[in-house]
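Got your viewer open and ready to click around? Load the model below, and we'll go from the overall picture down to single side chains.

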Amino acid sequence: MKETTGKEFITPGFLGATVLVVALFAFWGMSNSLNDVLIPQFRKTFQLGDFASSFVQFATFIGYFTFAIPASLFMRRFGYRAAVVMGLVLFGTGALLFYPAAQYGEYHFFLGALFVVASGLSFLETSANPMIAAMGPPESADQRLNFAQMFNPLGTIAGVFLGKELILSDQRLTAEQVQGMEPAAQAAWRAGELAAVKLPYLGIAAVVLLWALLVAVVKFPPLARRIAGDTDASSGGFRGLRAFPHFWLGVIAQFAYVGAQVGVWSFMIRYTQFNAPGTVETVAANNLIITLTLFFAGRFVGTLLMSRFRPAGLLAVFAAADVVLCIVAGSASGNVGLYALMATSFFMSIQFPTIFTMSLRGLGSHAKSGASFLVMAIVGGAIIPPLMGLVSDASSINAAMFVPAVCFAVVMAFGLKSRQ
């Protein structure tokens, strides 16, 4: 294999492996954005409040949290590629569970299926993020991970479009209308709404299981199998992370960022309908597609800016912009608040990968163990949306946007601290 030089962006000779790994970023983006469609769908189908419907995200991100450490241990024992294959198999299995969940028509069955999906995503994110960062010279790790993460918003846009076309409907029924139906009619209506949910997940299951087979047979660089020293259980262990206080600040920032991002996207459709009464879900979903497109544009612009500006300073500026925009979304109403909330995605764009690589910098053999804690920090997506739901149920969905404003302030502080 040709030696990697500082001028190269990726390790040469492994284009096929790189394509397979980069596609994973789109896969989990699609899965996570489908949650943003499932929330209004389940809210309507099961007649839930904002707090109860937010458990779609709780089930998902608790899955991330629960399996991050096992994924790291598995990865250290068997290598990056084996962890990716395991993640794809679990992802596909969880997607297949949507079929019996729809047949039984129980909300908690769907939550269980989402938990299994998330267990697979935890394996994928724990392995794919450090893998792509390591597939080239360390000097370009930030840019390389941001490049790969550019495909994440493409997946999120595809997921929302898929959900909008296959899951959401223009039919709006109040709780009184649903309760006023005859039992047989109510059961038939609910079965129809849930049947629309299972179709896209069966398609996803077929794709990701095929991808698992491709990852298993395509040639990967040595780092994808095992890195020297990983066979030594004492090398790169979790205890050694105590010597890196900056890493733990990054974990806190990642918790805050993911919670804010998931919260804003989860309630985008709800925010639109509240501030523009009478807007049907399929129309409101267009705003989610627009904001995800802005996220993609921000990722592209941010990646280019990193060639001229220090990532830490850029992170602080982008997070500060989101603090202001969330305050506007919480204070204003109508289009002003809506446009501000949609604009937050442009500035969210670089935050996850930049926090990730900045936190791992200097960890050496502890990078794999550190990556698992950064993935565990994704549990912020399980905590912040229900908190926003509680604020919304007690006050309004607008007031709930002050919660992510605080989260982005934490990210801004991490960026400022990292400049020192």
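**The whole protein**

Start with a cartoon view: the protein has 19 helices and zero strands (both are DSSP runs, H or I of at least four residues for helices and E of at least two for strands, numbered from the N terminus). This is a predicted model, in which local features need pLDDT of at least 70 and side-chain atom pairs count only at pLDDT 80 or more, while totals for chains, interfaces and linings use all residues. Numbering starts from 1 along each chain as its sequence is written, and side-chain values use heavy atoms, with hydrogens and water left out.

Now switch on a surface. About 16000 Å² is exposed, with carbon and sulfur atoms supplying 68% of it (areas come from the Shrake-Rupley method with a 1.4 Å probe, and for residues only the protein chains shown count as cover). Of the 420 residues, 58% count as buried (under 20% relative accessible area; exposed is over 50%, and partly exposed lies in between). As for contacts (heavy atoms within 4.5 Å), among those between residues at least 6 apart in sequence, 85% join residues at least 24 apart.

**Select H1 and H8**

Pick residues 15-45 for H1 and 151-166 for H8; their axes come within 6 Å and cross at roughly 40 degrees (axes are lines fitted to C-alpha atoms, for helices over the stretch in contact, and angles run from 0 to 180 degrees between N-to-C directions). H1 and H8 are therefore oblique to each other: angles under 35 degrees count as roughly parallel, over 145 as roughly antiparallel, 65 to 115 as roughly perpendicular, and the rest as oblique. Show sticks for the contact, which includes Phe25, Trp28 and Met30 from H1 and Phe151, Asn152 and Val160 from H8. The residues of this contact divide into ten nonpolar, seven polar and no charged (Ala, Val, Leu, Ile, Met, Phe, Trp, Tyr, Cys and Pro are nonpolar, Asp, Glu, Lys and Arg charged, and the others, Gly among them, polar).

**Keep H1, add H3**

Next, add residues 55-78, helix H3: the axes of H1 and H3 come within 9 Å and cross at roughly 150 degrees. That makes H1 roughly antiparallel to H3. On the H1 side, look for Trp28, Asn32, Asn35, Asp36, Leu38, Ile39 and Phe42, which meet Val56, Gln57, Thr60 and Tyr64 of H3. By class, this contact has six nonpolar, four polar and one charged residues.

Zoom in on Asn35 of H1. Is Asn35 buried or exposed? Asn35 counts as buried, because its relative accessibility is 1%. Beyond residues up to four places away in sequence, Asn35 touches Val56, Gln57, Thr60, Leu114 and Tyr201.

**Slide along to Gln47**

Gln47 is in the loop between H1 and helix H2 (50-53). Check the backbone here: phi is positive, about 55 degrees, although Gln47 is not a glycine. Gln47 is partly exposed, with a relative accessible area of 28%.

**Two last stops**

Jump to Trp265 in helix H11 (residues 245-266). Trp265 is buried at 5% relative accessibility. Draw a C-alpha to C-alpha distance from Trp265 to Val37: 9.6 Å, for residues 228 apart in sequence. Leaving aside neighbours within four places in sequence, the contacts of Trp265 include Asp36, Thr156 and Phe295.

Finish at Val215 in helix H10 (residues 183-217), buried with a relative accessible area of 2%. Val215 and Leu88 are 127 residues apart in sequence, yet 9.4 Å apart C-alpha to C-alpha.

Note on methods:
Buried means under 20% relative accessible area, exposed over 50%, partly exposed in between (1.4 Å probe, protein chains only).
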